[in-house]
Amino acid sequence: VTHSIPACIGSMTINGKQLDNESPVSIFAVNKCYVTVQDGTFFDGSGFAALVREGYKVRSDVNITLEFRTTAVHGVLLGVSSAKVDAIGLEIVNGKVLFHINNGAGRITATYEPRGTNSLCDGKWHKLQANKSKHRISLIIDGNLVQTDNPYVQSTSADTNSPIYVGGYPADVKQNCLTSKSAFHGCLRNLVLTKGQQAELFEFSRAFDLRGVFPHSCPGAEH
């Protein structure tokens, strides 16, 4: 067995002596244990998950669905970019959800603005759907639809080639459709990207790079 166990371990003794969990000599990808646990992936606000090492091609159409739970009013949800300007980005800024796309001619944004700054950042699960269809984009949060006019009707394809960065991105990586650098702090689940009839569920445990991300459980209440 070469991979770690998604579990909690406590009260370990060796030769009758209890090990001190509180001040380890070194630690890697170990988090707290939780009294109550929910399905999902916990992002501790310091890192990101990177999926599709060879680069994800958004092109003309993509539909993104996910669920998020956070108490922070800022945080990157998802970004896919190119070395040029083409990109897509999803982020929470001041309690609003922003979906940006750039097909090469200029960035356009669909903004979902809830009634109160904290109403999406209330620690409860919220459903998000972001759709790009050629030059059109829409955003649906908890069933509420926002659409945006795009003046660049001739430009329809986002020719991206970066990995899908979720919850943040490395400092040396350019993301052309994200305004925030704040890493997401909270939980995400059920990330699905659909192109045409092909839907792909992305398991965070299969990410090629995980930093500050704990893929198997989400704290209901911290212990």
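## Asn 103 and its surroundings

Leaving aside neighbours within four places in sequence, Asn 103 is in contact with Asp 86, Lys 132, Lys 134, His 135, Ser 155, Thr 156, Ser 157 and Ala 158. The model is predicted. Asn 103 sits in the loop between β8 (96-102) and β9 (107-112). Its relative accessibility is 8%, under the 20% limit, so Asn 103 counts as buried.

Two of these contacts can be described at the atom level. The side chain of Asn 103 makes a polar contact with the side chain of Lys 132, at 2.9 Å. The Asn 103 side chain also reaches the backbone nitrogen of Ala 158, at 3.3 Å.

## The cavity

Asn 103 has a further role in the geometry: it is one of the residues that line the largest cavity. The others in that lining are Ile 101, Asn 102, Ala 105, Gly 106, Ile 108, Asn 150, Tyr 152 and Ser 155. Ser 155 also appears among the contacts of Asn 103.

How many cavities of 30 Å³ or more are there? The count comes to one. The space in the largest cavity is about 30 Å³. By class, its lining has four nonpolar residues, five polar and no charged.

## Strand β4 and its partners

Strand β4 covers residues 41-51. Eight of its 11 residues are buried, so β4 is largely enclosed by the rest of the structure.

Which strands pair with β4? Strand β14 (residues 185-195) is one, joined to β4 by four bridges and running antiparallel. Within this pairing, Phe 43 has Gly 186 of β14 as its bridge partner. Strand β16 (residues 209-214) is another, with five bridges, again antiparallel. Here Ala 49 is the bridge partner of Leu 210 in β16. Strand β13 (residues 164-166) also pairs with β4 in the antiparallel sense, over three bridges. Ala 49 appears again, standing opposite Val 166 in β13. Ala 49 therefore has a bridge partner in β16 and stands opposite a residue of β13.

## Phe 202

Phe 202 lies in the loop between β15 (198-201) and β16. Is Phe 202 buried or exposed? At 9% relative accessibility, Phe 202 counts as buried.

Not counting residues up to four places away in sequence, Phe 202 touches Leu 51, Val 52, Tyr 56, Ile 164, Leu 191 and Leu 193. Leu 51 falls within the range of β4. Ile 164 falls within the range of β13. Leu 191 and Leu 193 fall within the range of β14. Phe 202 and His 135 are 67 residues apart in sequence. In space they are 25 Å apart, C-alpha to C-alpha. His 135 is among the contacts of Asn 103.

## Pockets

The largest pocket holds about 1,400 Å³ of space. Its lining has 34 residues. Ile 5, Ala 7, Ala 29, Val 30 and Asn 31 lie nearest the centre. β3 (34-38) and β16 each supply at least two lining residues. β16 gives the largest share, five residues. By class, this lining has 20 nonpolar, 10 polar and four charged residues.

The second largest pocket has a volume of about 200 Å³. It is lined by 14 residues. Gly 40, Thr 41, Arg 189, Asn 190 and Glu 203 lie nearest its centre. Which strand gives the most to the lining of the second largest pocket? It is β14, with four residues. The lining divides into six nonpolar, five polar and three charged residues.

## Positive phi in two loops

Most residues other than glycine have a negative phi. Arg 59 has a positive value, near 60°. Arg 59 lies in the loop between β4 and β5 (61-70). Its relative accessibility is 44%, so Arg 59 counts as partly exposed.

Asp 142 also has a positive phi, about 50°, although it is not a glycine. Its place is in the loop between β11 (136-141) and β12 (144-148). Is Asp 142 buried, exposed or partly exposed? At 39% relative accessibility, Asp 142 counts as partly exposed.

Definitions and conventions
Residues are numbered from 1 along each chain as its sequence is written. This is a predicted model: local features need pLDDT of at least 70, side-chain atom pairs count only at pLDDT 80 or more; totals for chains, interfaces and linings use all residues. Side-chain values use heavy atoms; hydrogens and water are left out. On a 1 Å grid over the protein atoms alone, a cavity is a set of points where a 1.4 Å probe fits but cannot get out, and a pocket is an open set with protein on both sides within 12 Å along at least five of seven lines; lining residues have an atom within 4 Å of a point. Grid points are joined across faces, edges and corners, and a volume is the space filled by probe spheres set on the points. Ala, Val, Leu, Ile, Met, Phe, Trp, Tyr, Cys and Pro count as nonpolar, Asp, Glu, Lys and Arg as charged, and the others, Gly among them, as polar. Buried means under 20% relative accessible area, exposed over 50%, partly exposed in between (1.4 Å probe, protein chains only). Two strands pair if DSSP finds at least two bridges between them. A polar contact is a pair of N or O atoms within 3.5 Å; within protein, one must be able to donate a hydrogen and the other to accept it, and residues adjacent in sequence count only if both atoms are side-chain atoms. Contact means heavy atoms within 4.5 Å.
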